[in-house]
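Me: I'd like to go through this model and ask why each feature gets the label it does. Could you set the values against the cut-offs as we go?

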Amino acid sequence: MATDRHGNLTALLPRLVAFARTILGDADFARDLVQEAATRALAAQRVPDDPPAYRAWMFRIVRNAAVDELRRNRNFVSVDEILPDLWRFDDACIAKITVEQGLTSLAPAHREIIALIDIAGFSYSEAAECLDVPVGTIMSRIARARQLLLGAIEASTVRPLQSNQSRR
Amino acid sequence: MNDEENSKQHDRDLLRINALVDGELLPAERAQIAARMAADRNLARSHATLARLKASVMEIAEDAPCTLSIPKVAVLRPRQRLAIRLTAAAALVLAVSSAAWTFMLPARQQAVREQKEHAITLAAFPVRPVVPDFASAGLILQGVDLRRPAGGPMLVAIYAGPRGCRLELRVQAGDLAAEAPGGSSRHRWKAGELSYELLAFGMPETRFAIIVGAAERQTRIDMDPDAIERQLREARVAAPPCVG
């Protein structure tokens, strides 16, 4: 039955929204996009049977829709890329709020690879298949994207509250 | 080691630490980088920074509020969906008629006259008008209205999409009266004794053309639900979003 094949969809929705939001940088738009993607998935004739394949399939649908949207609305303004020294980085700056802020200033390609690995939870080989690139490219892309994200966090004036830090 | 070799080693280490954080290293590689981290505090510190960064990014997904609901109607077959839409449209027409008769008219005499007018309106259609289902194209039926222009009673259905797409369908017995105002595109056709007109607001021509084809097919008796479904899905993915 069609509904059984989509049994995992409800559980995936929050992560799909976070994934789309990271790529697009817009929460409302991300929700609309995932809603549409879910509708499209439910209407699909061929649906992967096993849960990992279904998960990868759903993220691929959302990813493709998000990338199409980015292509249509090329309003991203690139900022200077800063590569900080990792061993001198102040870890106290890393918090959800600063990471969210930092992600918005990254180029779409860097946001995408972070979203695939850290939010969608793809392995390097799954991400390589999704983006149609070698695994080595994924390794270098994620390393560079994370370094740029740390650079963006360092350059930002947003700092997490001390009270949040003490709870960690 | 010279500067160039140092730089290459640093780049290699960076890739490995990231892979370690992501759980992508083989046991032998893990042991190797662990040994290097034990001997190099900077490397260990870099690993801690990247692990913390990954945890914070993952936190975004865990805290993401999600108010989406799975559109159950989408799992239905086209024939089932059409039946539901038509039933909903009929129920809406009845509800509007009942509300007008019960609450909106002050005088009993006027209420009786209005009821007769609605009865005449519905009876005036020689065959039951079809309200097409465009859900697969992302256009959801918003409401159905009965109007009485000069040319005779007219059924009007409004559809809306998530990004500003809007469609208006007009159905009239015989020939359609004057063209409805507005709309960026329009198309008229006849199906048996009824005339249909579809107006698009801010919809790209290519997408509208596909939807028109599906609409025409749905209004015919010998329609193929699977073919219509395919056509509507094509309309959704093949064209840019609406601008209106």
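**Strands, rings and charges**

Reply: Sure. S4(B) and S5(B) make a hairpin with two residues between them, and Gly192(B) in the turn has a positive phi of about 65°. Keep in mind that this is a predicted model.

Me: What makes S4(B) and S5(B) count as paired strands?

Reply: Pairing takes at least two bridges. Strand S4 (residues 185-191) of chain B and S5(B) have seven bridges, in the antiparallel sense, so they qualify as paired. One of the bridge partners is Ser195(B) in S5(B), matched with Lys190(B).

Me: And how do you know that strand S3 of chain B pairs with S5(B)?

Reply: By the bridge count again: eight bridges join S3 (residues 166-173) to S5(B), against a requirement of at least two, so this antiparallel pair is in. Here Arg170(B) has Glu197(B) as its bridge partner in S5(B).

Me: Why is S5(B) called largely enclosed?

Reply: Because eight of the eight residues in strand S5 (residues 194-201) of chain B are buried. Leu194(B), Tyr196(B), Leu198(B) and Ala200(B) point one way, while Ser195(B), Glu197(B), Leu199(B) and Phe201(B) point the other way, and all of them are buried.

Me: Glu197(B) forms a salt bridge with Arg188(B). What makes that a salt bridge?

Reply: The closest N and O atoms of Arg188(B) and Glu197(B) are 3.1 Å apart. The limit is 4 Å, so the pair passes.

Me: Are those two partners buried or exposed?

Reply: Glu197(B) has a relative accessible area of 0%, so with the line drawn at under 20% it is buried. Arg188(B), at 36%, falls between 20% and 50%, so it is partly exposed.

Me: What sits over the ring of Phe201(B)?

Reply: The charged end of Arg166(B), 4.0 Å from the ring centre. The distance limit is 6 Å, so the distance part of the test is met.

Me: How many salt bridges are there over all chains, and which one crosses between chains A and B?

Reply: The search of the whole structure finds 13. One of them joins the side chains of Asp118(A) and Lys54(B), at 2.7 Å from N to O. It runs from helix H6 of chain A to helix H3 (residues 41-63) of chain B.

Me: Why are both ends of that one called buried?

Reply: The cut-off is under 20%. Asp118(A) is at 3% relative accessibility, so it counts as buried, and Lys54(B) at 12% does so as well.

Me: Which residue of chain B also pairs with Lys54(B)?

Reply: Asp22(B), whose closest N and O atoms with Lys54(B) are 2.8 Å apart. Asp22(B) is in the loop between helix H1 (3-21) and helix H2 (27-39) of chain B, 32 residues from Lys54(B). Its relative accessible area is 14%, so Asp22(B) is buried too. Through shared partners, Asp118(A), Arg146(A), Asp22(B) and Lys54(B) join into one network.

Me: Where is Ser46(B), and how do you know that it's buried?

Reply: Ser46(B) is in helix H3 of chain B. With a relative accessible area of 4%, set against the limit of under 20%, it counts as buried. Leaving aside neighbours within four places in sequence, Ser46(B) is in contact with Leu86(A), Trp87(A) and Ile17(B).

Me: On to the rings. How many aromatic pairs turn up over all chains, and why is Phe59(A) with Phe122(A) called edge-to-face?

Reply: Five aromatic pairs are found. The ring centres of Phe59(A) and Phe122(A) are 5.8 Å apart, within 6.5 Å, and their planes are at 85°, over 60, so the pair is edge-to-face. Phe59(A) is in helix H4 (residues 51-72) of chain A and Phe122(A) in the loop between helix H6 (108-119) and helix H7 (124-131), 63 residues apart. Both are buried. Ring pairs also link Phe19(A) with these two into a cluster.

Me: What makes Phe134(B) and Tyr159(B) tilted?

Reply: The planes of Phe134(B) and Tyr159(B) are at 55°, neither under 30 nor over 60, so the pair is tilted; the centres are 4.7 Å apart. Both rings belong to buried residues.

Notes
Residues numbered from 1 in each chain as written. Chains lettered and ligands numbered in written order. Predicted model: local features only at pLDDT ≥ 70, side-chain atom pairs only at ≥ 80, totals over all residues. Heavy atoms only, no water. Phe/Tyr/Trp six-rings, centres within 6.5 Å; stacked < 30°, edge-to-face > 60°. Helix = DSSP H or I, 4+ residues; strand = E, 2+ residues; numbered from the N terminus. Buried < 20%, exposed > 50% of the residue type's maximum accessible area, 1.4 Å probe, protein only. Lys NZ or Arg CZ within 6 Å of the ring centre and 35° of its normal. Contact = heavy atoms within 4.5 Å.
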